[in-house]
Amino acid sequence: MANPSVKVNAKARRAAHGSDTAAAPKVGFVSLGCPKALVDSERIITKLRAEGYMIASDYEGADVVVVNTCGFLDSAKKESLDAIGEAMNANGRVIVTGCFGVEENRIRDAHPGVLAVTGPHQYEQVVEAVHDAVPPLHDPFVDLVPPEGLRLTPRHYAYLKISEGCNNRCSFCIIPALRGDLASRPSNHVMGEAERLVNAGVKELLVISQDTSAYGLDIKYAESAWKGAPLKARFLDLSRALGDLGVWVRMHYVYPYPHVDDVIPLMADGKILPYLDIPFQHASPAVLKAMRRPAAQEKTAERIRRWREVCPDLAIRSTFIVGFPGETEEDFAFLLDWLKEAGINRAGCFKYEPVEGAKANAIDGAVPDEVKEERWHRFMAVQKDVSSAQLERKLGQTIDVLIDEVDEDGAIGRSKWDAPEIDGNVFLNGERDVNAGDIVRAKVVEAGDYDLWAERVSANG
């Protein structure tokens, strides 16, 4: 299952690129959900810009609006319906795509005036729908689009999607029904995109998929030519190749299969970031069995300890579900104890939602909403203590900080242990002589529950 934290806390992003041109049709774009959906949006925008379309900065200036939806949780579906409604009210000409697009009848019942509805990663269908709504320019210039494509992220970091779909059948998840089985990209295609991004100035590549450590399984780890040598479509081989590009490489949505152990030395050697985003979801064996989670987790805390023996700087980010059907107080207490034992650096916690179509809804022992709420608060209190204790140990260290933005108060960046939007920040108060995308050296002078404060000592980027 994909990390739900970004999905549940999804923010609508509207991107404006280029200058207004009276003759060029304009498309508004709202992208909801996880980074994988964001990459889908970027691909659609890249195709449209290549055809001469402009991307409008607001609803009123758009000839048509595309809403890329999220359909993972019921709360996300409601947010998607609300976003569609906002676009309909402000513009009236709306095309719907994304994971929630598989429920076309529900969308059209709520908003019968939408022009078209498509499902996830159906790029060509979305572009065709835009063509129907507002035809492209007769003779577009191909150089309107840079070789790395157009993105909705800042210039200095980018998401790199290596596969679609998922072969797992977790009982709470409907992602396979929305996005299908695992479909890996050839390794040379992934590396070609990564190299173009780096050449365009990207300093951090965030590797994403539904199941990153399963990469290549569906194509039997096929080799393809890269830089004059064969490169297997395998998690370890791809990690090693990405590590040769000389930028930060961050791994997301990694299931803890045994071969993940082989990637930890690359982190210890500084080839890729010492960071693993692993969606554990729970720790109790009984709950994990009911969830149908892949990979045995009874000894996962011990495995994490061994990983940190190899790479002491390793940070683990994860997501958890409380209130899963049948979860007892003993199961929940087991989870809290495991959270402290494993030393999870960053964690998101979500109250179980009976998503329509999920097999978990048929499991006996539904947990009352008030119990879910109480357990959520207890979980977050424990995680805050775990996080703050780990950050306290960073005091006095000199670390690399990737600058994300600079304002009148100083610079805001991230350490190698922090992914954008979902993790903490490093604040360099009063430091304004830097730019977004710079990597600077800074000494940690204060630690909070989730963030660090530091003072710059030198720059290396």
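This report describes the overall build of the chain, one annotated domain, one enclosed helix and two lysines with unusual backbone angles.

The model is predicted, so local features are given only at pLDDT of at least 70 and side-chain atom pairs only at pLDDT 80 or more, while totals for chains, interfaces and linings use all residues. Residues are numbered from 1 along each chain as its sequence is written, and side-chain values use heavy atoms, leaving out hydrogens and water.

**Whole chain**

The chain holds 13 helices and 20 strands; these are DSSP runs numbered from the N terminus, helices being H or I of at least four residues and strands E of at least two. For 461 residues, a compact globule would have a radius of gyration near 23 Å, and the chain agrees with this at 22 Å. That radius is taken over C-alpha atoms, and the globule rule is 2.2 Å times the number of residues to the power 0.38. The C-alpha trace spans about 60 × 55 × 50 Å along its principal axes.

Of the 461 residues, 58% are buried (buried is under 20% relative accessible area, exposed over 50%, partly exposed in between, with a 1.4 Å probe and protein chains only). Contacts are heavy atoms within 4.5 Å. Among contacts between residues at least 6 apart in sequence, 73% join residues at least 24 apart.

**Annotated domain**

An unreviewed UniProt entry annotates residues 25-135 as "domain: MTTase N-terminal". UniProt positions follow the numbering used here, feature names are shortened, and annotations may be inferred rather than shown by experiment. Over residues 25-135 the chain is 46% helix and 19% strand, with the end C-alpha atoms 8 Å apart.

**Helix α8**

Helix α8 (residues 235-243) is largely enclosed by the rest of the structure, because eight of its nine residues are buried. Among them are Phe235, Leu236, Leu238 and Leu242, together with Asp237. The buried residues of α8 pack against the strands β6 (157-161), β9, β11 and β12 (248-251), and against the helices α7 (187-199) and α9 (264-268).

**Two lysines with positive phi**

Most residues other than glycine have a negative phi. Lys220 departs from this sign, with a positive phi of about 55°, and Lys227 likewise has a positive phi of about 55°. Both are listed below.

| Residue | Loop | Relative accessible area |
|---|---|---|
| Lys220 | between β9 (204-208) and β10 (223-226) | 73%, exposed |
| Lys227 | between β10 and β11 (229-232) | 59%, exposed |
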